[in-house]
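Colleague: Thanks for sitting down with me. Could you walk me through this model, one question at a time?

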Amino acid sequence: MAAAKKAVLGPLVGAVDQGTSSTRFLVFNSKTAELLSHHQVEIKQEFPREGWVEQDPKEILQSVYECIEKTCEKLGQLNIDISNIKAIGVSNQRETTVVWDKVTGEPLYNAVVWLDLRTQSTVENLSKRIPGNNNFVKSKTGLPLSTYFSAVKLRWLLDNVKKVQEAVEENRALFGTIDSWLIWSLTGGIHGGVHCTDVTNASRTMLFNIHSLEWDKELCEFFGIPMEILPNVRSSSEIYGLMKAGALEGVPISGCLGDQSAALVGQMCFQDGQAKNTYGTGCFLLCNTGHKCVFSEHGLLTTVAYKLGRDKPVYYALEGSVAIAGAVIRWLRDNLGIIKSSEEIEKLAKEVGTSYGCYFVPAFSGLYAPYWEPSARGIICGLTQFTNKCHIAFAALEAVCFQTREILDAMNRDCGIPLSHLQVDGGMTSNKILMQLQADILYIPVVKPSMPETTALGAAMAAGAAEGVGVWSLEPEDLSAVTMERFEPQINAEESEIRYSTWKKAVMKSIGWVTTQSPESGIP
């Protein structure tokens, strides 16, 4: 029997989207940005102690290989020739820290996830050493000293893990965020793997000077980090190396962006003042500020948005980071068992249509923007005998929206020009109740692209546009128009304000909960 004729689609680009809760591999048509196929695998999170969050770097790597193989099989079933895949982009959960052995290729400890709180005492000791009148850490990195960023996680590993200390002494250790671990492994690992990162991921380590775009000697000395273990910093769009194994062996890896930067690119926010909010494990609102670093007066971060080519200019962004968004739904599923799948939350919320005065502040990892309050912990308040699981489900969705409103308010104050609508993306945006609630609570329209995988799209765009690949044009006239779904506010402004001010009261009650700042508190 003659082989079925393979569909001719022109050049394709793949994207690895390695998030906190799952890994995906997606393949796009570079001419139309159409998503052709994808595969997704959920990732285990380990909580070895209270406040600790870890993942297995080998499981993460394995999930990437699995997603690539399965997606390639699906393309085969669709009669699409995988030899049309001309490039691969990588987008990843940011800040999560891996140290591995360059001789054996083995991780020396689990990945310490961005949400992890074990470094609180490290943060407190370091903050005593920053002069009040010269916060050189913030002015060089754009970041507040917090458990969130990689430098303090790396410091903890160097202080507490013997295997890491020994490997550093013997010059065998390599450090990286998830992008570096994946690119090193995919380009050959111990057989010539490329040890690199891009400017967006580097800007989240707290070791990177966002003005000079290099690792900063003074910061590395302050955190006590040996510079030789750091990856080479490259732009977000260039050929880093070739795939060395699997169905896509020989394909260049030519795009790399932290997930929030990737979503900004995928939403085509290329102009100063354009913004997007991504609803994943956490919630991240980024606003493109063009070629200038804008420092926030209201608790936002200054970060590198992207640099799409070695000779291309760097763009910066203001970012509002919320630690817990989708993670609260996973918590209701895995810890409380009130839903069996994340999709079920919409059904529960719909049954009641209100939280009935119940407010849920999911400060599981303290509060991030705009408060930066590590002492906060999660609370559910306003409970009565009438409250049931549906109200709590509704309150969890409202919490995501209220947290977004807080960072949007901060963004509007910092930029001086209020956003007229909010562009959204991420897994949770398929929840229509959440999207309507968001429009009601912000009191502006919420606009969502019909293809919600903007993070992967951004990584694919960067990879396809790289010099030496050149299959994806980023010129404004070539970018394909995106169909959007729009949610208009449906309640009156006064009701929106009352609910928001009650939320703020609840937030105040969650702050100052943890008094002893030893991460071991409550551990025998």
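Colleague: Which residues of H1 are buried?

Modeller: A word on the source: this is a predicted model, where local features need pLDDT of at least 70, side-chain atom pairs count only at pLDDT 80 or more, and totals for chains, interfaces and linings use all residues. Residues are numbered from 1 along each chain as its sequence is written, and side-chain values use heavy atoms, with hydrogens and water left out. Helices (H or I, at least four residues) and strands (E, at least two) are DSSP runs numbered from the N terminus; buried means under 20% relative accessible area, exposed over 50%, and partly exposed in between, with a 1.4 Å probe and protein chains only. In H1, the buried residues are Pro57, Glu59, Ile60, Leu61, Ser63, Val64, Cys67, Ile68, Thr71, Cys72 and Leu75.

Colleague: What distance does H1 reach from its first C-alpha to its last?

Modeller: Helix H1 covers residues 57-77, which is 21 residues. The expected span is 1.5 Å times one less than the number of residues, giving 30 Å here. The model comes close to that, at 31 Å.

Colleague: Which residue follows H1 with a positive phi, and is it buried or partly exposed?

Modeller: The residue is asparagine 79, placed in the loop between H1 and strand S5 (85-92). Its phi is near 60 degrees, a positive value in a residue other than glycine. Because its relative accessibility is 27%, asparagine 79 counts as partly exposed.

Colleague: And methionine 206, with phi near 80 degrees: what is its relative accessible area?

Modeller: Methionine 206 lies in the loop between helix H7 (199-202) and strand S10 (208-209). Its phi is again a positive value in a residue other than glycine. Methionine 206 is buried, with a relative accessible area of 0%.

Colleague: Which helix gives the most to the largest nonpolar core?

Modeller: A nonpolar core is a set of buried Ala, Val, Leu, Ile, Met, Phe, Trp, Tyr and Cys residues joined through side-chain atoms within 4.5 Å. The largest has 141 residues, and those with the most contacts inside it include Phe28, Leu207 and Tyr279. With 15 residues, the top contributor to this core is helix H12 (residues 389-415).

Colleague: Where is the cis peptide bond next to proline 370?

Modeller: Proline 370 is found in the loop between strand S19 (359-361) and strand S20 (379-381). Omega is about -5 degrees for the cis bond, which joins alanine 369 and proline 370.
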